Amino acid sequence: MKALVCRAISEDISTVRVEDLPVREPGPGEVRLRIRAASVNFPDILMIQGKYQHKPPLPFTPGMEGAGEVVAVGEGVARFRAGDRVVGGLRTGGFAEEAVAAESALRAIPKGMDFSAAAAFPAAYLTAYVALVRRAAIETGETLLVHGAAGGVGLAAVDLGLAFGARVIATASSEEKRAFLAARGAHLVLPSTGFREAVKDFTGGLGADVIYDPVGGDVFDESVRCIAFDGRLLVIGFTSGRIPEISVNMPLIKGFSVVGVRAGEYGRRFPARGRENLEAIDQLAEEGIIRPHVCATFPLERAVEAMRMLQERKVIGKVVVTP
């Protein structure tokens, strides 16, 4: 099979190449699948750069989530059989024609969803669900401020916020992205900097009840200035490149919480709730309440180009590789 292989850590992700690799048969509790689509995520890039918390041994194949058809199952696998359409988290291995994954990491693709949408769906919407429901306990009528709202995890938060009855403010870095978000249904769309006063005006001076921040850096700093009393500032990530710091007198005086969000770890720590989270987003997808947006697809041979598109902030929603 053909696969994208990283044999050396590289800041500019130039060390990955498409190679021919032997196909591995599934072991006990494992499933082998033909990958039809794999979405590109920032951790894929960070692993190649050696900056992610999970550092797979070299060489490895990037691609942390994908969708496809079951080819074969290992001993003890009961939930799937050849031909089933599945999606799941792979951690690595998705940018390849075939992959082997644990049965527990896979689930059936929601009804009515194609492979590209399915690949673009799990990590982004699970992150947004855990953030808004489990960590922030968002309520109907609250104001939700979403940063990086045109990206994968940001757009998922916009979609879920609207579905849960929040008043959604979305920020994005370009006119094209802001126009997309307005058409998506956001109640107010703002530039990614200089949003503080507009948020206060929109909320009658109170500030946003929940702030969803996958950007960090200056965006986090400004968010502290426009969060409501009893607000929840959700730390999703640091795509700006700077991990911000906060003086603890700010949450004390303003009465807000800074809340870390790790959706995968949440599911590992609380398995029953983790299953409920997945069931909830699958149900929302099947009902058409949420719909992943794929802005571009690339063949496996152009997977590096797909990752660079994400690096350069040119993606609206998700970009997908189709081996």
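**Exercise 1.** Identify the bridge partner of T171 in strand 10, and place this pair in its sheet.

*Solution.* In strand 10, T171 has L190 as its bridge partner. The model is predicted: local features need pLDDT of at least 70 and side-chain atom pairs pLDDT 80 or more, whereas totals for chains, interfaces and linings use all residues. Residues are numbered from 1 along each chain as its sequence is written, and side-chain values use heavy atoms, without hydrogens and water.

Step 1. Strand 9 (residues 167-172) pairs with strand 10 in the parallel sense over four bridges; pairing requires at least two DSSP bridges between two strands. Strands (E, at least two residues) and helices (H or I, at least four) are DSSP runs, numbered from the N terminus.

Step 2. The open sheet has six strands in the order 10-9-8-11-12-13, with parallel pairing. Strand 10 (188-191) and strand 13 (257-260) are its edge strands, each pairing on one side only.

**Exercise 2.** Determine how helix 4 and helix 5 pack.

*Solution.* Step 1. Helix 4 and helix 5 (residues 175-184) pack at about 25°, with axes 11 Å apart; axes are lines fitted to C-alpha atoms, for helices over the stretch in contact, and angles run from 0 to 180 degrees between N-to-C directions. Helix 4 is therefore roughly parallel to helix 5, a class for angles under 35 degrees.

Step 2. In helix 4, L155, V158, D159 and L162 meet F180, L181 and R184 of helix 5, where contact means heavy atoms within 4.5 Å. The residues of this contact comprise five nonpolar, no polar and two charged; Ala, Val, Leu, Ile, Met, Phe, Trp, Tyr, Cys and Pro count as nonpolar, Asp, Glu, Lys and Arg as charged, and the others as polar.

Technical notes: Parallel < 35°, antiparallel > 145°, perpendicular 65-115°, else oblique.
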